[in-house]
Amino acid sequence: MSKTAPPYPSGRGLLDGKTVIVTAAAGTGIGFWTARRCVEEGAEVMMSDLHERRLGESAEKIEEQ
């Protein structure tokens with residue numbers, strides 16, 4: 001029996017007009033995915049992290065979507 005993941009849910013505008021600040025957002029952990037999901041839900045997101053290069057890369061990945 002093969003199990004497949006359910007489809008990724010599209011944004012529904014739950015955070016339209018909101019501003020969100022996410023710390024520790026550089027990389028592939030929960031901070032990055034929280035920032036990404038908040039953008040998908042319509043929020044303006046400010047990301048921060050000690051790793052400046054990775055933070056920039058993470059922001060670029062999110063902006064590409």
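**Figure 1. The largest nonpolar core of the predicted model has 11 residues.** Its members are Val20, Val22, Ala25, Ala26, Phe32, Ala35, Cys38, Ala43, Met47, Leu55 and Ile62. Three elements, β1, α1 and α2, each give two or more residues to this core. Helix α1 supplies the largest share, 3 residues. In soluble globular proteins, nonpolar side chains tend to be buried together.

**Figure 2. Close-up of Val20, a member of the largest nonpolar core.** Neighbours within four places in sequence are left aside here. Beyond them, Val20 is in contact with Leu15, Cys38, Ala43, Glu44, Val45 and Met46. Two of these partners, Cys38 and Ala43, are also listed in the largest core.

**Figure 3. Helix α1, residues 30-40, and its buried residues.** The buried residues of α1 are Gly31, Phe32, Ala35, Arg36 and Cys38. Seen down the helix axis, they fall within an arc of 165°, so they line one face of α1. These buried residues pack against β1 (19-23), β2 (44-48) and α2 (52-64). Phe32, Ala35 and Cys38 also appear in the largest nonpolar core. After the helix comes Gly42, with a positive phi near 100°.

**Figure 4. Salt bridges of Arg37 with Glu40 and Glu41.** The side chains of Glu40 and Arg37 meet in a salt bridge, 2.9 Å from N to O. Both residues lie in helix α1. They are 3 residues apart, about one turn of the helix. Arg37 also forms a salt bridge with Glu41. There, the closest N and O atoms are 2.7 Å apart. Is Glu41 buried or exposed? Glu41 is buried, with a relative accessible area of 5%. Glu40 has a relative accessible area of 23%, so it counts as partly exposed; the cut-off for buried is under 20%. Side chains of opposite charge can pair when their charged atoms come close.

**Figure 5. Glu57 and Arg53, a salt bridge in helix α2.** The closest N and O atoms of this pair are 2.9 Å apart. Glu57 and Arg53 both lie in α2, 4 residues apart, about one turn of the helix. Glu57 is partly exposed, at 36% relative accessibility. Arg53 is exposed, at 58%. Elsewhere, salt bridges that share partners join Arg36, Arg37, Glu40 and Glu41 into one network. Arg36 in that network is also one of the buried residues of α1. How many salt bridges are found in the whole structure? The search finds 4.

**Figure 6. The whole predicted chain, as context for the close-ups.** The chain has 2 helices and 2 strands. Along the sequence they follow the pattern β-α-β-α. The C-alpha atoms fill a box of roughly 45 × 30 × 20 Å, taken along the principal axes. Of the 65 residues in the chain, 23% are buried. Contacts between residues at least 6 apart in sequence were also examined. Among them, 64% join residues at least 24 apart. The chain exposes about 5,100 Å². Carbon and sulfur atoms supply 56% of that area.

Conventions: Residues numbered from 1 in each chain as written. Predicted model: local features only at pLDDT ≥ 70, side-chain atom pairs only at ≥ 80, totals over all residues. Heavy atoms only, no water. Buried < 20%, exposed > 50% of the residue type's maximum accessible area, 1.4 Å probe, protein only. Arc of directions from axis to C-beta. Contact = heavy atoms within 4.5 Å. Core = buried A, V, L, I, M, F, W, Y, C linked by side-chain atoms within 4.5 Å. Areas by Shrake-Rupley, 256 points an atom, 1.4 Å probe, with all protein chains shown as cover.
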